Amino acid sequence: MSSAVPIVLAGARGHGRWHLDNIRRLQDKGIVRLAGICELTPLSDDELPEGLGAPEQSADFGALLDSTRARVAVICTPIPTHTGLALTAARKGVHLLLEKPPAPSYAEYRRMADGIAETGVACQIGFQSLGSHAVPAIRTMMAEGAIGEITGVGGAGAWARPESYYRRAPWAGRRRLNGVDVIDGALTNPLAHAVATALALNGSVRADDVTAVETELLRANDIESDDTSCVRVGTAQDRPVVVAATLCAEDPDEPYVVVHGDRGRITFWYKQDRVLLQRAGRGPEESEYGRTDLLENLVEHLIDGTDLLVAPEVTGAFMKVVEAIRLAPDPAPLPAGAWRLLPDEQRRVVPGIDGLVAAAADTLALYSELGAPWADPARTKEVST
């Protein structure tokens, strides 16, 4: 294990549990070693997966990086803390896997990305879907003209979250907390992968690839942020990217991205690494792909110079969308008749939203353009960038 890369994990509860399991998987392969855990309250023995030993625990992130001599930090903490913690690590020469969304505003993203660039450390942003081998495969299909000329990319996410989801942490469902941006909405956090993946397949990854953003942000839940929303991104590639999302689905399903061509389409279920190619005059072709883990890719980058899959620069376009959502009017509450509570699941559903989400991805139209009775076109906010 002497060659294993020492790692500190900041934020080991909630989604951080996934990182604990992943670190254990890589530790079993001899690639990494969990040296420390940064949490406000230390993890109990019961919370620590077997096989991870006895990592040092502390609430002081900087001190923990020093005492463990960590080479990599995984940051899975509340969104507003990302930039500060990332810069703390970078200034100590510690490389980073930073959870998505990388920051709650474009200014914070720039401060993080520029600060990291100055230190020369490597940083990977945790958009796991961009580690899918389906992404380069789809890009090849597009480049080879499999579906003709590309006309746009849609994304659809119809998920469900109970009301308790918004009570899991003080920042959950908030746009701001104690005067600090949070921007924890459907498109910026739980379904952020749909936005990032759609932009990536469109070839629009850098900040200057985004020319305009239209937003429609709504909420059925009693929260600040959006739980039912859509966005249309104008791009330098002259193709629109439209992503529709809800956490109030009637029948939750796998999110997907669809590339539209004038002679067919490619659908990518990004959590499953599954791709469906449909084109004129040919039968449908379905494929499943492997995936490169982003922490493993970061370690390989440090050891042998393998290219990083999701460097900060390739999340600039995504952050332009986050910024447009931040600057948009606060999400409008849906009228009382537009949603209902499922008492058994204690979650709110918006009747008809599943079909609207799919239609938006299919037609590259916004909810208001699809005739949703609760979507007011006058509230659609366009931000030129």
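Which residue's side-chain oxygen reaches the backbone nitrogen of Leu295 at the start of helix 7? It is Asp293, whose oxygen comes to within 3.2 Å of that nitrogen. The legends below start from there.

This is a predicted model, in which local features need pLDDT of at least 70 and side-chain atom pairs count only at pLDDT 80 or more, while totals for chains, interfaces and linings use all residues. Residues are numbered from 1 along each chain as its sequence is written, and side-chain values use heavy atoms, with hydrogens and water left out.

**View 1. Helix 7 from its start to the glycine that follows.**
Helix 7 covers residues 294-304; helices here are DSSP runs of H or I with at least four residues, strands are runs of E with at least two, and both are numbered from the N terminus. At its start sits the polar contact between Asp293 and Leu295. That term stands for a pair of N or O atoms within 3.5 Å; within protein, one must be able to donate a hydrogen and the other to accept it, and residues adjacent in sequence count only if both atoms are side-chain atoms. Leu294, Leu295, Glu296, Asn297, Leu298, Val299 and Leu302 are buried, meaning under 20% relative accessible area (exposed is over 50%, partly exposed in between; 1.4 Å probe, protein chains only). After the helix comes Gly305, with a positive phi near 80°.

**View 2. Helix 7 against the open sheet.**
The buried residues of helix 7 pack against several elements, including helix 1 (16-28), strand 1 (5-10) and strand 2 (32-38); contact means heavy atoms within 4.5 Å. The helix lies across strand 1, strand 2, strand 4, strand 5 and strand 6, and runs at about 165° to strand 5. Axes are lines fitted to C-alpha atoms, for helices over the stretch in contact, and angles run from 0 to 180 degrees between N-to-C directions.

**View 3. The six-stranded sheet, strand by strand.**
The open sheet has 6 strands in the order 3-2-1-4-5-6, with parallel pairing. Its edge strands, strand 3 (56-58) and strand 6, each pair on one side only. From one strand to the next, the twist averages 20°. Two strands pair if DSSP finds at least two bridges between them. Strand 1 joins strand 4 over 4 parallel bridges, with Ala10 and Ile75 as bridge partners. UniProt, in an unreviewed entry, places the feature "domain: Gfo/Idh/MocA-like oxidoreductase N-terminal" at residues 7-127. Such annotations may be inferred rather than shown by experiment; positions follow the numbering used here, and feature names are shortened. This span is 37% helix and 21% strand, and its end C-alpha atoms lie 19 Å apart.

**View 4. Strand 5 and its two neighbours.**
Which side chains of strand 5 point one way, and which the other? His95 and Leu97 take one side, Leu96 and Leu98 the other, and all are buried. In a regular strand the side chains alternate between the two faces of the sheet. Strand 4 pairs with strand 5 in the parallel sense over 4 bridges, and Ile75 stands opposite Leu98. On the strand 6 side, 3 parallel bridges form, with Leu96 opposite Cys123. Helix 3 (residues 82-91) links strand 4 and strand 5 in a right-handed β-α-β unit, and helix 4 (residues 106-119) completes another with strand 5 and strand 6. A crossover is right-handed if, with the strands pointing away from the viewer, the path from the first strand over the helix to the second runs clockwise.

**View 5. Strand 11 and the hairpin with strand 12.**
In strand 11, 7 of 8 residues are buried. Strand 10 (residues 210-219) runs antiparallel to strand 11, joined by 8 bridges, and Leu218 stands opposite Thr228. Strand 12 is also antiparallel to strand 11, with 6 bridges. The hairpin of strand 11 and strand 12 has 5 residues in between, and Asp238 in the turn has a positive phi of about 60°.

**View 6. Arg232 and Val241 close up.**
Arg232 belongs to strand 11 (residues 228-235) and counts as buried because its relative accessibility is 16%. A polar atom of the Arg232 side chain lies 3.1 Å from the backbone oxygen of Leu364. Among the residues that Arg232 touches are Glu214, Val241 and Glu369. Val241, in strand 12 (residues 241-246), counts as buried because its relative accessibility is 1%. Its bridge partner is Val233. Val241 and Gly152 are 89 residues apart in sequence, yet 5.9 Å apart in space, C-alpha to C-alpha.

Key. Lists of a residue's contacts leave out its neighbours within four places in sequence.
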